[in-house]
Amino acid sequence: MKRQVLLLISIFSLSPVNGQVSYSIPEEMAKGSLVGNIAQDLGLDVKRLNSGKARIYTGDSAQYIELNRERGVLLIKEKIDREALCRQTTPCALHFQITLQNPLELFPVTVEITDINDNAPLFQKEERRFEISESAVIGSKFLLEKAIDPDIEGNGLQRYTLKPSDNFVLKLHSQSDGSKKVEMILQKPLDREKQEHISLVLTAEDGGEPQMTGTMQIHVTVLDINDNSPVFSKSVYKASITENSAIGTLVTKVSASDADKGSNGEVTYVIGNSMDTVSKLFHINSQGDVILEGPIDYEREKHYHIDIEAVDQGGLSDSSKIIIDVIDVNDNSPVVNMISTSESVPEDSAHKTVIALMSVNDPDSETNGKVNCVINENLPFEIKFTSNNFYSILTNSDLDRERDSEYNITVTCSDEGVPSLSSSVTLTLQISDVNDNAPVFERSSYEAYIVENNTPGLSIFTVKARDADWNQNARVSYILEDSSVNGVPVSSYVSVSADSGVIHAVRSFDYEQIKDFQFRVKAQDGGSPPLSSNVSVKILIQDQNDNPPQVLYPVQTGGSLVAEMVPRSADVGYLVTKVVAVDVDSGQNAWLSYKLQKATDRALFEVGLQNGEIRTIRQVTDKDAVKQRLTVIVEDNGQPSRSATVIVNVAVADSFPEVLSEFTDFTHDKEYNDNLTFYLVLALAVVSFLFITCLVVIISVKIYRWRQSRILYHSSLPVIPYYPPRYSDTLGTGTLQHVYNYEVCRTTDSRKSDCKFGRAGSQNVLIMDPSSTGTMQRIQSEKSILDEPDSPLEQKPPNNDWRFTQGQRPGPSGATGGPEVAMGTGPWPQPPTEAEQLQALMAAANEVSEATATLGPGTMGLSTRYSPQFTLQHVPDYRQNVYIPGSTATLTSNPQQQQATAQQATQQALPPPQASAQPEPPKAAQTPASKKKSTKKEKK
């Protein structure tokens, strides 16, 4: 019997239970049948059942009853069989509880299941046969089978009846277990000659309504007897003899009796089958002894049947039979023959796959011939007897080549004789590999970390999978499964090496764009078909402090000014404004702190370190400036930390017009430099340095020009300037071919001015001073001494590249000279006449007068448009080649020729027209192009 026991342990406080409700229902009620109105019986409203979510709690037992909360009734959920539920136990009941919520309530309910007569008495056998001799005595007992009725009490088994009852009657005996033993008693002698077969019906009845019965048929056969004839003591004699027994062994003894007296009572014994071979093996004497006379073998004959006859002297006889069983001796070992074997089987072979067939034969009998074949233990094989001494070796579990690739199966067959004899045989079985193992990853899932801003191609980590198969089936390849991360294929984020499983980063990750992502890696073997497994990989991006804080408020605008107003009546702790900043990094990299970097008045304001609130730290006074400029720096907590600055304009005023008047010029500050003070000091130092430098240069130039004017003042000879065609006076103000242009560019409403100065292609001019009375040789000598004070005063040959031909020199037109004249070193071939000299002097005076008319005092012949830094040393050599009438010397500014010229000027004022000595070969002088390059290098 299954009893339902409910142990309820509640941690809630339950309202008091009103009482236990019990119902009684018969078994086998249809599904949905009404058990009872639980709401009415418990005194509850149907609404309470619904609001309290009433339900049935049965614990671990099956639920046969269900609750209809809308109607408040209990219904049959499953059909109940009392006999299956409780068997013979009474009473049979279902115990469960109904629970309610809000508040919690518990009501125990018991439903008793009553029995109905749904089972009839049943006999195990439908018929029973008896063989009874006609000489059976009255009162002989014959045991009958009992009937079984699963029902209980009045519905159970009540009585038995036997019909017809002419020869036999029933007798019941009560037993200790409550059941009854049924016996059939012979009450009238049997006579085979009158009735050889008797048929009876045994009926079992229960007490239910309606009444149900069960019947069993009984068949009785009456046996005949032979009166007054010799009668063997046994109709059949049984004897046994072991094989290989010695000749003369007594097998058995028979006896027959005869009620007659005299000769009719004397009995003799004879073997009836004298023509059979049995008569040669056995012999029976007058005393009824059966003696062995020949060898017997169990494997040749197992049983011997001897018909014997007892004959009295009256001619009446009786026959009997002797059955001799040959007892086997275990003298034969089992013979094992392998019929068919398999050299190898695949490891995925199904259960009960036959791998070998064999036959086992033992000629012995019974236990001696009963053979048991076994195989060595711990092998996934079994041996099974099929039929006719044939055995098969089968697989009884899964084969796994990875566990065992070869099996040596030893089959041992033993009989059950004493002593036992056995035979054995061994076969070798190879297990061939099948791709039945998918690659297995070392972990169920992987998780790896990588710092953002990594280098593309960086190795993140390695996934590893192993395959237990062999050869090609164990070769593992790694494949990145197709998936997407934020709509982008995962292959654009990572890649996996097919052979090694190394996962590389394809791109540089940004924590602010993606913090983590997942993908799956598949490991696939090389079998056919291939097997694979996949694993989930999660990549976590670690943050770096790669983003500075971003200021959200106050907003920094380029063209307009935003200022916070603070009334002059503000007290200490007055909230001026709040700097709001964010950092897109995470963790400590996003922890922000606020500091006041610069302020117009540091004693007036402070900034909250954590919240960025700008507050006053003292009382605002009338002496405080209206315009207050605060520079707040926002730093994060990263390593290294990053920062951002914000400028907060604060107006200390009580009215808006006052603020407007003070902040008018602020709108022009488009770019406010945090290091303004440093740049102002630097600019002041540069301007001061330039001023002092210019002052020194101007004084030096003045002194230099004064000394040059003094030198020219003592010269007594006029100078005839020579202007090359390229340097003709095109503008009437000098010999320069370009004009210095000054362009001034000023922006509207700007305090800054940008000036662009164009520089002429050449700064070389010819210096002329009409007040000079000295010779050009002396001027050139003095200039050389000023420019190169350390140069030796030795004569050097002139530069051949800058000599002029006779046709280029002033004088009579068409005058030509010889080779010496062409070189510029010899005397004039034809000295100029007095008229030519006078004409040259007049032309020179006219040109000098025109040149001095355009020159201002103290400018050395320079226009005010030209650079004041111009000096005589900037004039190329060929510009300063002049010719003095009546002299064969060529004046030049070449330092190599100045010394010789100065020495010649001291000897004679006007050189005679005779040829001078040939000087040494001249060295190459600087060309105008090379001199311009050197000038550019000096400027650099």
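The following paragraphs lead from the confidence of this predicted model, through its overall make-up, to one nonpolar patch on its surface.

Confidence comes before any reading of detail, and across the protein the mean pLDDT is 75, with 70% of the residues reaching 70 or more. Over residues 1-18 the pLDDT is below 50, and this stretch has 26 contacts in the model beyond its near neighbours in sequence. The pLDDT is also below 50 over residues 717-829, a stretch for which the model shows 238 contacts beyond near neighbours in sequence. Where pLDDT is low, the predicted coordinates should not be read in detail.

As for overall make-up, the secondary structure of the protein comprises twelve helices and 57 strands. Of the contacts between residues at least 6 apart in sequence, 68% join residues that are at least 24 apart. Of the 940 residues in the protein, 38% are buried, while the area that the protein exposes comes to about 54,000 Å², of which carbon and sulfur atoms supply 51%.

On that surface, a nonpolar patch is formed by F678, Y679, L682, V686, F689 and L690, which together have about 620 Å² of accessible area. One of these residues, L690, lies in helix 7, the helix that spans residues 676-713. The relative accessibility of L690 is 46%, and L690 therefore counts as partly exposed, since that class lies between the limits of under 20% for buried and over 50% for exposed residues.

Note on methods. Residues numbered from 1 in each chain as written. Predicted model: local features only at pLDDT ≥ 70, side-chain atom pairs only at ≥ 80, totals over all residues. Heavy atoms only, no water. pLDDT = per-residue confidence, 0-100. Contact = heavy atoms within 4.5 Å. Helix = DSSP H or I, 4+ residues; strand = E, 2+ residues; numbered from the N terminus. Buried < 20%, exposed > 50% of the residue type's maximum accessible area, 1.4 Å probe, protein only. Areas by Shrake-Rupley, 256 points an atom, 1.4 Å probe, with all protein chains shown as cover. Patch = residues over 30% accessible without salt bridge, like charges linked within 9 Å, V, L, I, M, F, W, Y side chains within 5 Å. Salt bridge = Lys/Arg side-chain N within 4 Å of Asp/Glu carboxyl O.
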